There are 2 protein chains.
Amino acid sequence: MKRFSMLRCSCALVFAVVPALVLASASDQDAIHYREAVMKTLNEQAAALGQIASGVIPADNLVAHMQILALTASTALIAFKPKVAGGKAKPEVWSDWPDFSKRMMAFAQETAKGVKIAKEQGVNGALPAIIAYANDCKACHNMYRQNKKGEH
Amino acid sequence: MKRFSMLRCSCALVFAVVPALVLASASDQDAIHYREAVMKTLNEQAAALGQIASGVIPADNLVAHMQILALTASTALIAFKPKVAGGKAKPEVWSDWPDFSKRMMAFAQETAKGVKIAKEQGVNGALPAIIAYANDCKACHNMYRQNKKGEH
């Protein structure tokens with residue numbers, strides 16, 4: 001019991017680790033939460049990159065954010081593989097899987113290229129790539145993400 | 001105008017890039033938004049790692065999530081450097097900066113080590129490190145993060 005109480009902390013991680021002793025297989029809700037973690041990470045990192053690209057935040061972390069974006073993009077397709085409706089995902093994610101997966105793989109490839117650009121050319125050189133990512137986001141969200149009130 | 005309307009999309013990135021033509025210097029609100037993007041990323045990636053550690057999500061993306069966690073941790077200290085109160089940060093972040101920065105640097109170092117462990121030993125080998133990160137989160141949040149109603 002002592003070890004358990006140590007683990008009951010404020011970190012999101014712990015709330016997920018503790019049930020390890022109870023749960024063994026993925027549920028639909030788990031699948032939705034997982035892909036939401038991936039997509040929220042993309043969103044937060046896109047926001048950070050946008051701030052750097054616009055000059056309101058110094059570019060010290062530019063390369064790291066580009067790396068995080070690329071790594072997260074590389075995790076996204078697996079996160080959507082379980083055919084579980086729910087969250088913001090439209091059913092078209094799975095009914096149009098060849099297109100969805102093609103877009104997601106292309107996004108992962110383009111963001112990986114962006115890391116190299118950022119390393120070699122800094123924020124000004126990376127700006128076209130960052131704007132291209134934004135357009136990729138928009139195109140994919142328009143087709144595969146439900147718009148809920150109060151959200152962009 | 002046409003180019004602007006193309007850029008006004010649903011992606012968080014674009015909402016930040018568009019003001020590039022208007023804003024030139026960081027404001028307090030920018031600094032708060034930026035560190036929130038970093039901390040939310042840590043939270044989402046911790047949640048994803050917790051799901052993998054607990055076995056409810058397959059471990060295919062384990063190494064990528066560990067890399068993302070480590071990279072994000074490496075961006076965090078810079079994000080808190082501006083002495084801007086607000087958001088969930090307690091004033092102690094800056095009044096106790098030597099301790100806060102020491103903890104944040106240690107977290108970055110430990111998560112970087114975790115990448116190697118995950119690569120070499122997989123999810124079972126990485127489990128102690130993941131639980132240790134959760135305790136690091138809790139210890140730092142207890143001292144430096146305000147608890148707001150409805151949040152962990």
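So, to kick off: is B:Phe80 buried or exposed? Keep that one in your heads for a minute while I say what we're looking at. This is a predicted model, so please take everything I say today in that spirit.

Okay, the answer. B:Phe80 is buried, with a relative accessible area of 6%. The cut-off for calling a residue buried is under 20%, so B:Phe80 makes it at 6%.

Let me back up to the general layout, using chain A. You've got six helices there and zero strands. Read from the N terminus on, the order is simply α-α-α-α-α-α. Chain A has 152 residues, and 46% of them count as buried. On the outside, chain A exposes about 7700 Å², with carbon and sulfur atoms supplying 58% of that.

How do the contacts in chain A look along the sequence? If you take the ones between residues at least 6 apart in sequence, 70% join residues at least 24 apart.

Now over to chain B, and helix H4, which is where B:Phe80 sits. H4 of chain B covers residues 62-80, so that's 19 residues by the helix assignment. From its first C-alpha to its last it reaches 27 Å, close to the 27 Å you'd expect at 1.5 Å a residue. And how much of H4 is covered? Mostly: 15 of the 19 residues in H4(B) are buried.

Right, aromatics. Over all chains, the count comes to eight aromatic pairs. The one I'd like to show you is B:Phe80 with B:Phe100: the ring centres are 5.1 Å apart and the planes sit at 65 degrees, so the pair is edge-to-face. What does that pair tie together? B:Phe80 lies in H4 and B:Phe100 in H6, residues 97-144 of chain B, so the pair links parts that are 20 residues apart in sequence. B:Phe100 counts as buried as well, at 3% relative accessibility.

B:Phe100 has another ring partner, B:Trp97. That pair is tilted, at 5.6 Å centre to centre with 40 degrees between the planes. Here both residues lie in helix H6 of chain B, three residues apart, about one turn of the helix. Quick reminder on helices: an α-helix has 3.6 residues a turn, so residues three or four places apart point the same way. As for cover, B:Trp97 counts as partly exposed, at 22% relative accessibility.

If you flip to chain A, you'll find A:Phe80, A:Trp97, A:Phe100 and A:Tyr144 forming one aromatic cluster.

On to charges. How many salt bridges does a search of the whole structure find? Six, over all chains. I'll take you through some of them.

Staying on H6 of chain B, B:Asp99 forms a salt bridge with B:Arg103, and the closest N and O atoms are 2.8 Å apart. Those two are four residues apart in that helix, about one turn. Both ends are partly exposed: B:Asp99 has a relative accessible area of 29%, and B:Arg103 has 30%.

Further along H6 of chain B, the side chains of B:Lys113 and B:Glu110 meet in a salt bridge, 3.1 Å from N to O. B:Lys113 and B:Glu110 are three residues apart, so that's about one helical turn again. B:Lys113 is partly exposed at 49%, and B:Glu110 is partly exposed too, at 33%.

Over in chain A, A:Glu120 and A:Lys116 have their side chains in a salt bridge at 3.2 Å, N to O. They're four residues apart in H6 of chain A, residues 97-144, and about one helical turn separates them. In this case A:Glu120 is exposed, and A:Lys116 is as well.

Last thing, cysteines, since somebody always asks. How many disulfides does the structure hold? Zero, over all chains. If you want to find a cysteine on screen, A:Cys137 counts as buried at 15% relative accessibility, and B:Cys137 is buried with a relative accessible area of 13%.

So if you remember one picture from today, make it the ring pair: B:Phe80 in H4 meeting B:Phe100 in H6, edge-to-face. Okay, that's me done, happy to rotate the model if anyone wants a look.

How values were computed. Residues are numbered from 1 along each chain as its sequence is written. Chains are lettered from A and ligands numbered from 1 in the order in which they are written. This is a predicted model: local features need pLDDT of at least 70, side-chain atom pairs count only at pLDDT 80 or more; totals for chains, interfaces and linings use all residues. Side-chain values use heavy atoms; hydrogens and water are left out. Buried means under 20% relative accessible area, exposed over 50%, partly exposed in between (1.4 Å probe, protein chains only). Contact means heavy atoms within 4.5 Å. Accessible areas come from the Shrake-Rupley method with a 1.4 Å probe; for residues, only the protein chains shown count as cover. The expected span of a helix is 1.5 Å times one less than its number of residues. Rings of Phe, Tyr and Trp (its six-membered ring) pair if their centres lie within 6.5 Å; planes under 30 degrees apart count as stacked, over 60 as edge-to-face and the rest as tilted. A salt bridge is a side-chain nitrogen of Lys or Arg within 4 Å of a carboxyl oxygen of Asp or Glu. A disulfide is a pair of cysteine sulfur atoms within 2.5 Å.
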